[in-house]
Amino acid sequence: APSTDGTSALAFTPPEAGDSEIAALATDPPPATSFSAIPDLAEDGSALQTAAAKGDPVAAFEVARRLAEGSNGTPQDPRLAADWYERSAKAGFAMAQYRIGSLYERGEGVPRDLSLAQSWYAKASEKGNARATHNLAVLLSEGATAEPDYVRAAQYFTQAANLNVADSQYNLGVLYARGLGVGVDLVQSYKWFALAAQQGDRDAGKRRDEVAKAMKPDALAAARAAVQTFKPKPLDTTANSEPAIKPEWKQTTARTSLRDTKPGVPTRG
């Protein structure tokens, strides 16, 4: 069932239905960027190009963003964008690791490779990227590269849910209602559905109410108390936000595609 922000979540069957199957849909695409207008990239020697060529991961990310969007006078080139995202990712920048994971998952600018997608999501997750953690959990629950692993999926969904990712909260509600990767626990199921519903997920609200009908009064009271006392963990802004652009990177004089100023960029066949 899709969430209100257009991303996806696991399908739900009420606890009493008896159907043991559960389906995971595709993970969410990376969010649209929100950079303000930036002048065109300059000829050789611009501060941005120089920083990117020297291995600055934030500069490489900005180059990738411009190539991906075809913005700021830079011709759109998904393949080169993926190259630059991967350079930034290999330098340890969490947002780039999340972004290249998304590209490998969808096969945009690179061959589709769910194993690499999962690997990059795992690296970004280790640094605290909430959406990568959610996407990793979905791939594990789908069995994207092996058999479905609901135990590990539940662990990653829990991490993302505690970072207030509504889709992961919804999915945990499913797992606890169905006993997939965790024991059946309607208190936990109600809690996570309710928290997702608080963020505007209408499907989660319906599932919360369905679970509530199957609960005893004391259990329902405990679940509602758990919702009231829940406090999400703070997000690491470095791992979850696109970077600010240094002032000197905006000072440009002419247009270029960056095709001849990036020695050593890895490519994938």
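Select R65 and E69 first: their side chains make a polar contact of 2.8 Å. This is a predicted model. Add E62 to the selection, and a second polar contact appears, 2.9 Å between the side chains of R65 and E62. R65 sits in helix 2, residues 57-69. Its relative accessible area is 3%, so R65 is buried. Now include R66 as well: E62, R65, R66 and E69 are linked in a network of salt bridges.

**Aromatic rings around F61**

Stay with helix 2 and show the aromatic side chains. Across the whole structure, five aromatic pairs are found. One of them is F61 with F93, an edge-to-face pair with centres 5.3 Å apart and planes at 85°. F61 belongs to helix 2, while F93 lies in the loop between helix 3 and helix 4 (94-106), so select residues 32 apart in the chain to see both. F61 and F93 are both buried. Add Y85 to the view, since F61, Y85 and F93 form one aromatic cluster.

**Helix 3**

Next, select R79 and D83. Their side chains form a salt bridge, with N and O 3.2 Å apart. Both residues are in helix 3 (residues 78-90), and the four-residue separation is about one turn of the helix. An α-helix has 3.6 residues a turn, so residues three or four places apart point the same way. Which partner is buried and which is partly exposed? D83 has 4% relative accessibility and therefore counts as buried. R79, at 41%, counts as partly exposed.

**The loop at K127**

Go to K127, in the loop between helix 5 (114-126) and helix 6 (130-142). K127 counts as partly exposed because its relative accessibility is 39%. Show what surrounds this residue: leaving out residues up to four places away in sequence, K127 touches G92, A94, Q97, D236 and A239. For A239, check the C-alpha to C-alpha distance: 6.3 Å in space, against 112 residues in sequence.

**Helix 8**

Select residues 166-178, which make up helix 8. What should 13 residues span at 1.5 Å a residue? The expected value is 18 Å, and the end C-alpha atoms are 19 Å apart, which agrees. Colour the helix by accessibility: 13 of its 13 residues are buried, so helix 8 is largely enclosed by the rest of the structure. Step to the residue just after helix 8, G179, where phi is positive, at about 70°.

Within helix 8, pick Y170 and then find F193 in helix 9; the two residues are 23 apart in the chain. Their rings form an edge-to-face pair, 5.4 Å from centre to centre, with 75° between the planes. Both Y170 and F193 are buried.

**The nonpolar core**

Show the largest nonpolar core, which has 62 residues. Which of its members touch the most other members? They are I100 and Y190. Helix 9 (residues 186-198) gives the most to this core, with eight residues. Centre on Y190 and display its contacts. Apart from neighbours within four places in sequence, Y190 is in contact with R208, V211, A212, M215, L220, A223, R224 and V227.

**Charged residues near the end of the tour**

From the contacts of Y190, keep R208 on screen. The side chain of R208 forms a salt bridge with that of D209, 3.0 Å from N to O. R208 is partly exposed because its relative accessible area is 24%. D209 is also partly exposed, with 39%.

Then select R207 and E210, whose side chains form another salt bridge, at 3.4 Å from N to O. Both are in helix 10 (residues 202-213), three residues apart, about one turn of the helix. R207 is buried, with a relative accessible area of 19%, whereas the cut-off for buried is under 20%. E210 is partly exposed, at 25%.

To finish, select every salt bridge in the model: the count comes to ten. Side chains of opposite charge can pair when their charged atoms come close. The bridges visited on this tour include D83 with R79, R208 with D209 and E210 with R207.

Methods. Residues are numbered from 1 along each chain as its sequence is written. This is a predicted model: local features need pLDDT of at least 70, side-chain atom pairs count only at pLDDT 80 or more; totals for chains, interfaces and linings use all residues. Side-chain values use heavy atoms; hydrogens and water are left out. The expected span of a helix is 1.5 Å times one less than its number of residues. Buried means under 20% relative accessible area, exposed over 50%, partly exposed in between (1.4 Å probe, protein chains only). A nonpolar core is a set of buried Ala, Val, Leu, Ile, Met, Phe, Trp, Tyr and Cys residues joined through side-chain atoms within 4.5 Å. Contact means heavy atoms within 4.5 Å. A salt bridge is a side-chain nitrogen of Lys or Arg within 4 Å of a carboxyl oxygen of Asp or Glu. A polar contact is a pair of N or O atoms within 3.5 Å; within protein, one must be able to donate a hydrogen and the other to accept it, and residues adjacent in sequence count only if both atoms are side-chain atoms. Rings of Phe, Tyr and Trp (its six-membered ring) pair if their centres lie within 6.5 Å; planes under 30 degrees apart count as stacked, over 60 as edge-to-face and the rest as tilted.
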